[in-house]
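Reader: I should like to learn how the features of a protein model are read. May we go through them in turn?

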Amino acid sequence: MMRRIKREAALLQAVSSDNAAEVSLAMGIPEAGGTASEDVAKEQQELLALKVKPTFNDPKDASAFFHSIASYGMEFGLNENITQLARRNDKTQAFQLLLTLEKQLGLAPPRDLDLEAALLAAVAKNQGEEIKKLLQSEAGQAVLQLQVKETFNDPAELTAFYHSVATFGLKFQLGDSLYDLAVRNERPAAAQSLASTTETPAAVEAPLEVLVMNTLNGQELCRVSASNTWTILQLAQDVASKVPTPGCRVFLLGGAALTTGTALGDLLEKEGASSLELSSLVRSNVEGIYSAKVQPDDEMDGPLLGGPGGRLAGGLAGRRLRRRPRDMQLELKMDGNAIFEFSERPIDRGHCAPPSGGYLLSGTGMWSFEGPGVKVRITDAQTGHFMRCIPSLDRTSDMTPFSLTFSMVKEDQMDLVEFADEKAADGFSRRPRCPLGTAFLKQPEGERGRLVNFR
């Protein structure tokens with residue numbers, strides 16, 4: 001089990017950094033021309049079969065990821081495997097490598113080029129009912145994930161349409177999916193059929209009684225009248241009002257930690273059950289340094305320079321503009337003081353000179369236990385930017401006070417659940433972009449210094 005957990009950690013790290021070489025190493029993929037042994041192939045299948053479950057850190061569940069996906073800075077959906085995680089987080093190199101491995105092991109849905117052509121033709125002809133029929137197969141569902149890319153007729157490009165979309169008389173932009181093509185080309189029946197196929201039905205709300213037990217002594221802590229659509233965060237807030245306790249309340253199921261966004265309905269052993277039992281404990285020793293890394297938002301990715309709708313920059317055609325990951329660091333001190341630092345590096349536009357821009361913030365304030373977690377109020381800060389990759393202090397700061405609320409998932413991880421700031425009276429005030437759900441991980445003592453060092 002420990003061997004699998006270590007390989008899983010190495011694989012998640014490799015995928016989060018989109019490093020194909022490290023993914024190959026973690027999965028035990030042999031060099032070109034080599035063949036994996038039966039034992040290695042079995043381990044590969046086990047890693048590919050792991051799914052995102054509501055719980056993690058549970059050594060008893062061999063079908064779930066042991067590690068928190070959020071702690072690697074990746075977004076996720078329940079029941080996704082590593083290949084789907086790579087796709088969701090736009091880790092192109094890792095995704096193509098993992099999907100190829102799935103095909104070699106017979107785990108990936110087959111690619112049906114004739115079906116792809118039939119779906120494109122049905123969109124062009126606005127044939128909604130025909131699209132519904134074609135999408136009933138597993139291969140049809142796979143076509144929904146394809147995108148328009150610069151290359152086509154390339155069997156090695158597993159994420160792009162094989163056929164030229166233009167040959168079907170369809171207007172397009174790079175990145176368009178089948179649904180996007182239907183909307184762009186004003187094919188309402190096709191768009192409606194595609195939307196109804198891809199949308200996830202909303203959960204039907206039903207009453208749910210939650211019994212919360214004290215993890216340390218096994219005694220009943222309280223009972224909560226909730227619903228199956230409540231999240232762990234909502235449950236934590238209700239329990240905090242019933243049983244006020246200084247500290248961060250953590251919830252567990254079978255000894256495994258539960259993330260704040262997990263729906264209670266996803267934890268039921270039987271669908272339609274009316275009761276749920278969870279255990280809980282309070283952590284009050286939260287002092288220390290926590291760090292987080294947020295991958296760039298998909299919508300912030302720039303177009304291909306020199307491609308349709310793009311432009312040339314620095315003489316480098318075909319280069320993709322991408323925001324770099326954002327780094328954050330939070331220090332909670334024993335005396336109640338807090339330091340929050342944020343670093344967003346500038347976009348590399350392909351110029352010869354080192355890039356300038358980005359955003360830096362080094363703020364101070366106070367922290368306290370509030371509700372089920374920790375609230376940090378930043379009241380003073382220095383802001384700056386990168387000048388040719390060197391952190392430089394702004395002459396004036398337009399920052400206004402803001403607060404961050406965290407909920408503890410386990411002893412060494414807190415998730416950001418609320419970000420609130422006060423708008424400046426005279427207009428816009430720049431603020432750090434901190435997505436809700438970001439996992440802040442506690443660092444070993446003595447291993448981290450300041451994140452932002454102005455010159």
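The dialogue below takes up helices, sheets, hairpins and aromatic pairs.

Author: Please note at the outset that this is a predicted model.

Reader: Let us begin with a helix. How many residues does helix α6 have, and what span should they cover?

Author: The general idea is to take a rise of 1.5 Å a residue and to compare the expected span with the distance between the end C-alpha atoms. Helix α6 covers residues 113–124, which makes twelve residues, and these should span 16 Å. The end C-alpha atoms of α6 are 17 Å apart, which agrees.

Reader: Which residues of α6 are buried?

Author: A residue counts as buried if its relative accessible area is under 20%. In α6 the buried residues are Leu115, Glu116, Ala117, Leu119, Leu120, Ala122, Val123 and Ala124. Just after the helix, Asn126 has a positive phi of about 60 degrees.

Reader: How is a sheet read? What is the order of the strands in the open sheet of six strands?

Author: One gives the order of the strands, the sense of their pairing and the strands at the edges. Here the order is β1-β5-β4-β6-β2-β3, and the pairing is mixed. The edge strands are β1 (55–56) and β3 (220–227), each of which pairs on one side only.

Reader: How many bridges join β4 to β6, and in which sense do these strands run?

Author: Strand β4 (residues 248–253) is joined to strand β6 (residues 275–283) by five bridges, and the two run antiparallel. Within this pairing, Phe251 stands opposite Ser280 in β6.

Reader: Which helix lies across β2, β3, β4, β5 and β6?

Author: That is helix α11 (residues 232–242), which runs at about 130 degrees to β3.

Reader: Could you also describe a single residue of the sheet? Is Val282 buried or partly exposed?

Author: For a single residue, one may state its element, its accessibility and its contacts. Val282 lies in strand β6 and is partly exposed, with a relative accessible area of 30%. Not counting residues up to four places away in sequence, Val282 touches Thr245, Pro246, Gly247, Cys248 and Arg249. The C-alpha atom of Val282 is separated by 9.8 Å from that of Lys410, although the two residues are 128 residues apart along the chain.

Reader: I should now like to follow a strand with its partners. How many residues of β8 are buried?

Author: Strand β8 (residues 326–332) is mostly covered, with six of its seven residues buried. Seven bridges join β8 to strand β7 (residues 288–294), and these two strands run antiparallel. Ser291 has Gln329 in β8 as its bridge partner. Seven bridges also join β8 to β9, again in an antiparallel arrangement; there Leu330 stands opposite Phe340 in β9.

Reader: What lies between the strands in the hairpin of β8 and β9?

Author: There are four residues between the strands, and in this hairpin Gly336 takes a positive phi near 95 degrees. Another hairpin joins β13 to β14 through two residues.

Reader: How are β13 and its neighbours paired?

Author: Strand β11 (residues 373–387) pairs with β13 in the antiparallel sense over five bridges, and the bridge partner of Arg377 is Ser403 in β13. β13 also pairs with β14 in the antiparallel sense, over eight bridges; in β14, Glu418 is the bridge partner of Thr405. As for burial, nine of the nine residues of β13 are buried.

Reader: Finally, how does one read a pair of aromatic rings?

Author: Such a pair is described by the distance of the centres and the angle of the planes. The structure holds five aromatic pairs. One of them is formed by Phe342 and Tyr359: this pair is tilted, at 6.0 Å centre to centre and 55 degrees between the planes. Phe342 lies in strand β9 (residues 337–344) and Tyr359 in strand β10 (residues 357–370), so the pair ties together parts that are 17 residues apart in sequence. Phe342 is buried, at a relative accessible area of 0%, and Tyr359 is buried at 3%.

Reader: Why is the pair of Phe402 and Phe419 described as stacked?

Author: The ring centres of Phe402 and Phe419 are 5.2 Å apart and the planes stand at 15 degrees, so the pair is stacked; the cut-off for stacking is under 30 degrees. Phe402 belongs to strand β13 (residues 402–410) and Phe419 to strand β14 (residues 413–421), so this pair ties together parts 17 residues apart in sequence. Both Phe402 and Phe419 are buried. Ring pairs link these two residues and Phe340 into a cluster.

Note on methods: Residues are numbered from 1 along each chain as its sequence is written. This is a predicted model: local features need pLDDT of at least 70, side-chain atom pairs count only at pLDDT 80 or more; totals for chains, interfaces and linings use all residues. Side-chain values use heavy atoms; hydrogens and water are left out. The expected span of a helix is 1.5 Å times one less than its number of residues. Buried means under 20% relative accessible area, exposed over 50%, partly exposed in between (1.4 Å probe, protein chains only). Rings of Phe, Tyr and Trp (its six-membered ring) pair if their centres lie within 6.5 Å; planes under 30 degrees apart count as stacked, over 60 as edge-to-face and the rest as tilted. Two strands pair if DSSP finds at least two bridges between them. Contact means heavy atoms within 4.5 Å. Axes are lines fitted to C-alpha atoms, for helices over the stretch in contact, and angles run from 0 to 180 degrees between N-to-C directions.
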